[in-house]
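Hello,

Here is the structure you are taking over. Please look through it first; my notes follow below it.

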Amino acid sequence: MEHHNKSPFPNGFLWGAASAAYQIEGAWDADGKGPSVWDTFTKQEGTTFQGSNGDIAVDHYHRYKEDIALMAEQGLKAYRFSVAWSRIYPIGRGEVNEQGLAFYDDLINELLAHGIEPILTLYHWDLPQALMDEYGGWESRRIIEDFDHYAVTLFRRYGDRVKYWVSLNEQNYFVSYGYETALHPPGVRDRKRMYEVNHIANLANATVIRSFRSWVPDGMIGPSFAYKPYYPINSDPANVLAYENSEDLNNYFWMDIYAWGRYPTSAWRYLEENGLTPTVQPGDFELLASAKPDFMGVNYYRTTTVEHYGLHNELELGLKNTSGAKGSTKHSGIPGLYKTAANPFVETTNWDWDIDPQGLRIGMRRIMNRYQLPVLITENGLGEFDKLEEGELIRDDYRIAYLRSHLAAIQDAISDGVEVLGYCAWSFTDLLSWLNGYQKRYGFVYVDRDELDAKELRRIKKESYYWYKNVIKSNGEEL
């Protein structure tokens, strides 16, 4: 759809940026915090780029006032952050850690003092290690009660000041990377266990959303889904069917549960035929259907193109590019469903991610048309090799071009009729990029450190910082 006149970004649009506790806070064992699975996993040889970890990260725990002052100077209207579960409950449950609660009190109050709306993520992958050791973490239904207890603690403590909440961040990634490709903790390759874990996580997500209704009745909550819209490589019906398979198994398999409480029929049939269905107990689907979110959070970075892949082929898990060596990714495929393929119509980043702003528009329209839910862009950004030049300059014009094109696509989606609550760029400062170390930089603010040396962790504004400041000031009129 092309428009004679585009709709403006709405008044009150949440112009923001995002982060995650493990990637920025550091202070991994300070003030009573217990270890998370990431504190343990990154100490294992070969799991991350050059052995990087979040022990110090960018030390946001001690520098949050400095970082929030920079946010306020930029004019941010919202800031999405996550709470480290093991900072609140060092062993996942039991006695609460008041020092941990006080840190997020101070963080929230500092944001509000500067006119910045806090968006709080309950879970961004850093499961308390104690729960993994005790009962396997997300592999046990015991986690539903523990996660709900933790969530209610936060609802009660911060619900008077925080009105936007994210329940689970990228559930599709933490279950697939943890239990299919073994790239994330616990480093398992067992697709049956993956679908068991995923179903339990769905139940936990629904449970905390139901609890939220009681404790924060004037707030909004939803999951953040890592959305990769799929395309067929061409109009060959076999490839179009591969695209349909991909959407069902890799996107609607999560979003249908969030919005409707049921799995897509064809994806469920695939699980049945391959012995992969999770254990379903009486009442599960009633619970899932009773907890519709207030919005669909979308973490968008790329689209994926697929082609037909016959039953005679082997399962291919592919190879993820975690080094920035362009072209090192290897395609993945599931026999009888699809295989990923290169899209000749888009450019890619150094990490082989398709750069496709129209894919974001397409995905948002699919969400609005299918679920009739507003969208909150909870992550979108470009990871690249930024260079600190003489005179404290970081010329990241490539990031500006990326963000500008994606914001233009969001405005197009708004013009198409999609309700968009806000946009949280990933990320405000540079941070630990999980498996990719510190070389893959996303921030508006450069943090002077590398994988082996934290240095002084100086904060330096990039050119994109000033560009986004003007975007916010003009409410998106000047992209």
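**Tyr252 and its surroundings**

Tyr252 is buried: its relative accessible area is 10%, and the cut-off for buried is under 20%. Please keep in mind that this is a predicted model. Tyr252 belongs to helix H10. Leaving out residues up to four places away in sequence, Tyr252 touches Glu247, Ile257, Pro264, Arg366, Arg370 and Tyr371. Ile367 is 115 residues away from Tyr252 along the chain, yet the C-alpha atoms of the two are separated by 9.6 Å.

**Two helices that cross**

How do the axes of helix H10 and helix H13 cross? Helix H10 covers residues 237-260 and helix H13 covers residues 357-371; their axes come within 12 Å and cross at roughly 55°. An angle from 35 to 65 degrees counts as oblique, so H10 and H13 are oblique to each other. The crossing of H10 past H13 is right-handed. On the H10 side, the contact is made by Tyr243, Glu247, Tyr252, Met255, Asp256, Ala259 and Trp260. On the H13 side, Arg366, Ile367, Arg370 and Tyr371 take part.

**A sheet of four strands**

H10 also lies across strands S6, S8, S9 and S10, and runs at about 165° to S6. These four strands form an open sheet with mixed pairing, in the order S6-S8-S10-S9. The edge strands are S6 (230-232) and S9 (333-334), each of which pairs on one side only. Strand S8 (residues 304-307) and strand S10 (residues 338-341) run antiparallel and are joined by three bridges. Within this pair, Val306 of S8 stands opposite Thr340 in S10.

**Strand S14**

Is strand S14 buried or exposed? Seven of the seven residues of S14 (residues 420-426) are buried, so the strand is largely enclosed by the rest of the structure. S14 has parallel pairings with two strands that can be found in the model: five bridges join it to strand S1 (residues 14-18), and three bridges join it to strand S13 (residues 375-379). Towards S1, Cys424 in S14 is the bridge partner of Gly16. Towards S13, Tyr423 in S14 stands opposite Ile377. S13, helix H14 (residues 397-416) and S14 together make a right-handed β-α-β unit.

Regards

Definitions and conventions
Residues are numbered from 1 along each chain as its sequence is written. This is a predicted model: local features need pLDDT of at least 70, side-chain atom pairs count only at pLDDT 80 or more; totals for chains, interfaces and linings use all residues. Side-chain values use heavy atoms; hydrogens and water are left out. Buried means under 20% relative accessible area, exposed over 50%, partly exposed in between (1.4 Å probe, protein chains only). Two strands pair if DSSP finds at least two bridges between them. A crossover is right-handed if, with the strands pointing away from the viewer, the path from the first strand over the helix to the second runs clockwise. Axes are lines fitted to C-alpha atoms, for helices over the stretch in contact, and angles run from 0 to 180 degrees between N-to-C directions. Angles under 35 degrees count as roughly parallel, over 145 as roughly antiparallel, 65 to 115 as roughly perpendicular and the rest as oblique. A crossing is left-handed if the near helix is turned anticlockwise from the far one by less than a right angle, and right-handed if clockwise. Contact means heavy atoms within 4.5 Å.
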